[in-house]
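Welcome to a short set of exercises on strands, sheets and a core. Try each task with the structure open before you read the solution.

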Amino acid sequence: MSFTIAQLSDLHCGQQFFLPDLLERAITEINDLRPDVVVCSGDLTSHGFKDEYALAKRYLDGIECEHLVVIPGNHDSRNVGYVHFEELFGTRNSVLRVGGVTVVAVDSTEPDLDNGQIGRGRYGWIEEQFAEPADLRVFVLHHHLLPVPGTGRERNIVNDAGDAIECLQRAGVDLVLSGHKHVPYAWRLEDLFIVNAGTVSSSRLRPIATRRSPAPRSPPGSPSCVRNPPG
Ligand SMILES: [Fe+2]
């Protein structure tokens, strides 16, 4: 049985670095792929402003997939932007169960901070959501759980990354999808496959990402991962 998840991240609509042609091309490629689920892992906007959200919504409405999972990134939580997120996209945390796959997506942002946070208070809830039988368990957050090579000095990683990873391992999670760093990379940590998407439509760090990032390595038994940068 094949099950396809398409991920896009770090759109950054409204910023001077925003490249609309790339986003349009990526959405065309996603629609051609006909995925079962599409994940947008945050930073839809640059400043969390309402007009930036409206622009991002217009683009994401062009995705032809019944199951679209969207979470905010740190840029989206600036200037009380999470209010606009909730108005346009609904809840900031969600659980999706489809085709034997469970996708738990959480908001790892704090207002006006660049750091990420899951928080001990949510570990029990996360494990509960993954407790039901599933063929594949997928966890989605904006911030990176492990350092991403080629991105300079480490910063803004999830504050409680160690405990959060342990929580995900207890919960039997197979795949983590994140963004934030603009550079694609994939790590395997024991049975956990951790995939960081690059930016889909921002020029920030994009040339570096294209030049130096290796193709994701999918060990036997893990979900296979294909990187497809538009442009
Ligand atoms: Fe970010």
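**Exercise 1.** Leaving aside its neighbours within four places in sequence, which residues is V140 in contact with?

*Solution.* First, the ground rules: this is a predicted model, in which local features need pLDDT of at least 70 and side-chain atom pairs count only at pLDDT 80 or more, while totals for chains, interfaces and linings use all residues. Residues are numbered from 1 along each chain as its sequence is written. Next, the criterion: two residues are in contact if their C-beta atoms, placed from the backbone, lie within 7 Å. With those sequence neighbours left out, the contacts of V140 are V39, S41, V69, I71, V103, A105 and L177. Finally, place V140 in its setting: the largest nonpolar core has 56 residues, and V140 and V176 touch the most other members. Such a core is a set of buried Ala, Val, Leu, Ile, Met, Phe, Trp, Tyr and Cys residues joined through C-beta atoms within 7 Å.

**Exercise 2.** Work out which way the residues of strand β2 point, and whether they are buried or exposed.

*Solution.* Strand β2 covers residues 37–40; strands (E, at least two residues) and helices (H or I, at least four) are DSSP runs, numbered from the N terminus. V37 and V39 point one way, V38 and C40 the other. All four are buried, that is, 20 or more other C-beta atoms lie within 10 Å of their own, these atoms being placed from the backbone.

**Exercise 3.** Find the strands that pair with β2, and the order of their sheet.

*Solution.* Two strands pair if DSSP finds at least two bridges between them. On one side, 4 bridges join β1 (residues 5–8) to β2, with I5 partnered by V37 and A6 opposite V38. With β3 (residues 68–70), β2 shares 3 bridges, and there V38 has L68 as its partner. The result is an open sheet in the order β1-β2-β3 with parallel pairing. Its edge strands are β1 and β3, each pairing on one side only.

**Exercise 4.** Trace the helices that link these strands, and give the handedness of each unit.

*Solution.* Start with β1: together with helix α1 (residues 20–33) and β2, it makes a right-handed β-α-β unit. Carry on from β2: with helix α2 (residues 50–60) and β3, it makes a right-handed β-α-β unit. Right-handed here means that, with the strands pointing away from the viewer, the path from the first strand over the helix to the second runs clockwise.

Technical notes:
A residue is buried if 20 or more other C-beta atoms lie within 10 Å of its own, exposed if 12 or fewer, and partly exposed in between; C-beta atoms are placed from the backbone.
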